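Subject: Structure handover and notes

Hello,

Here is the structure you asked for, with the sequence alongside. My notes on what turned up follow below it.

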Amino acid sequence: MARKFLYFIAVCIVLVIVGSIALTIWSREATEIAFVPRGEFVEQDPLAVNAYQDPQMWYSRPGLGTGDPARYQPAIAETAPDPAARTPSPDAPAAEQSLDRNDPLATTGSVTGEPADPQALPEFAVFFVPPTSYIQAGGDWNAALGDATTDNRARLFLRGLASPFNRADEIWAPKYRQAAAGAFLTDRPEAQQAIDAAYADVAQAFDYFLDSIAADKPIVLAGHSQGASHILRLLQEKVAGTPVAERVAAVYAPGWPISVEHDLPVLPFPACAAPGQPQCLLAWSAFSDDGDADMIMRRYEATVGYDGEPRGDGPILCVNPITGGTNGTAPASANLGTLVPDDTLSKGELVTGAVPARCGDNGLLYIGDPPELGQGVLPGGNYHVYDIPLFWKNVQEDVIARVRAWATARAS
């Protein structure tokens, strides 16, 4: 398992540095030359109507057991660290395992590691759209299904990004013909065609997901980066104004810019204003306090919002993942657990009190002077690949609180 975690971190480094998406542009001209596909867009054949009945079309879904990457559980110290401390004792033993939902260590009720009663957890289903794992210099505009490199990267990536949702009794993460990383680095019309094609697969997977889960089960929608963008589009085209909207307990879309002025009003749910609030949306993009986001902000300002207007210099939505509400500041002591690799990248551990969180005026999330997390940190102090792992345990607790609040509201 330690070796698998090493692979996960190594893949994150390659994935993000080589082919970063959307917000992770530090040298646009060089990146475009290297990674924007040079050929024409080739329209994809539609998937078979029953394509997503095949378990091989899912990275995560019920029935995959401990091999499901979204069920990954990072190392947990057997002896609880002082929550006020910045890091746990280096002598604290740790256990690492892939877990199913009924393993008591998979349902830790607090940072102390005390097991929670699995029967006390609410039942809910998660639909998680993976980020880009198709990185091919000069390749096609969309990934091909069955590409081993793309699939292996996606599975490893999901171990860090989807695993905070591992208390759900169902987690579904579809394979789809992802838009190439370069599609998010250019304004060429082929890029939008590639993104539309990727979304078509995601939309078909979402329909199958809805048909497969219980009709009254609460739903959590989540994704990161390209995956978050597809989740937001699902909200507009598949959820808004339908009975499905009543079942959505929460939406998690970190790593994708959401304009407070030009995007949020078009979406069917408001930003989460407080912890435990159901039927709301969380999004954030993490930077160190001394980070330089100038190039990213300029790119964001030039893009068009969901209302069809340029986003301009208005703020990006920032829901603080520690406080659970919009904007605000939280000290590192309130961070219940950051997923941090060791110096050799041979294993990972949840470290309490490692990272604070402060929403800046521009809507970016600033994390102080964070611990060393390796080469996955992008130039300009951009912690894009760590948007979720930085707050792994807080996100896990946040999901449960919002699903419980949804259930309470429906029962009253």
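Phe391 touches a long list of residues that lie more than four places away from it in sequence, among them Trp284, Pro321, Ile322 and Asn335. The list also includes Gly337, Val355, Pro356, Ala357, Leu365 and Ile367. Please keep in mind that this is a predicted model.

Phe391 belongs to the largest nonpolar core, which has 101 residues. Phe391 is one of the four residues with the most contacts inside that core, and the others are Phe127, Phe209 and Leu221. Helix H4, residues 189–212, gives the most to this core, with twelve residues. Another core, of eight residues, lies apart from it; Phe287, Ala293, Met297 and Ile316 are among its members. As background, nonpolar side chains tend to be buried together in soluble globular proteins.

Next, the sheet around E9. Four strands form an open sheet, and their order is E9-E14-E13-E10, with mixed pairing. Strand E9 (286–287) and strand E10 (329–330) stand at the edges; each has a single partner strand, so one side of each is left without a neighbour in the sheet. E9 pairs with strand E14 (residues 365–366) in the parallel sense, over two bridges. Within that pairing, Ala286 stands opposite Leu365 in E14. Leu365 is also one of the residues that Phe391 touches, while Phe287 is listed in the core of eight residues.

A second group of strands is E6, E7 and E8. Strand E6 (residues 219–223) pairs with E7 in the parallel sense over four bridges, and Val220 stands opposite Ala250 in E7. E7 also pairs with strand E8 (residues 281–282), again in the parallel sense, over two bridges. There the bridge partner of Tyr252 is Leu282 in E8. Strand E7, residues 248–252, is mostly covered, with five of its five residues buried. E6, helix H5 (residues 226–239) and E7 together make a right-handed β-α-β unit.

The connection from E6 into H5 holds two residues to look at. Ser225 sits in the loop between E6 and H5. Ser225 has a positive phi of about 60° although it is not a glycine. At 0% relative accessibility, Ser225 counts as buried. Gln226 is in helix H5 and is buried too, with a relative accessible area of 0%. Where does the side chain of Gln226 reach? Its contact is the backbone nitrogen of Ala179, at 3.1 Å.

A positive phi also occurs at Gln279, at about 55°, and this residue is not a glycine either. Gln279 is placed in the loop between E7 and E8.

Now the cysteines, which may matter for your bench work. How many disulfides does the structure hold? There are two. With bonded cysteines counted along the chain, they follow the pattern 1-2, 3-4.

The disulfide of Cys272 and Cys280 has its sulfur atoms 2.0 Å apart. The angle about its S-S bond is 90°, and the link is right-handed. Both Cys272 and Cys280 are buried.

The other disulfide joins Cys318 to Cys359, also with an S to S distance of 2.0 Å. This link is left-handed, with -75° about the S-S bond. The pair links distant parts of the chain, 41 residues apart: Cys318 is in the loop between helix H6 (294–302) and E10, and Cys359 is in strand E13 (residues 357–359). Are these two cysteines buried or exposed? Cys318 has a relative accessible area of 1% and is buried. Cys359, at 11%, is buried as well.

To look through the model in the order of these notes, start at Phe391 and its contacts, then go to the E9-E14-E13-E10 sheet. After that come the unit of E6, H5 and E7 and the two disulfides.

Regards

Technical notes. Residues are numbered from 1 along each chain as its sequence is written. This is a predicted model: local features need pLDDT of at least 70, side-chain atom pairs count only at pLDDT 80 or more; totals for chains, interfaces and linings use all residues. Side-chain values use heavy atoms; hydrogens and water are left out. Two strands pair if DSSP finds at least two bridges between them. A nonpolar core is a set of buried Ala, Val, Leu, Ile, Met, Phe, Trp, Tyr and Cys residues joined through side-chain atoms within 4.5 Å. Buried means under 20% relative accessible area, exposed over 50%, partly exposed in between (1.4 Å probe, protein chains only). Contact means heavy atoms within 4.5 Å. A crossover is right-handed if, with the strands pointing away from the viewer, the path from the first strand over the helix to the second runs clockwise. A disulfide is a pair of cysteine sulfur atoms within 2.5 Å. A polar contact is a pair of N or O atoms within 3.5 Å; within protein, one must be able to donate a hydrogen and the other to accept it, and residues adjacent in sequence count only if both atoms are side-chain atoms.
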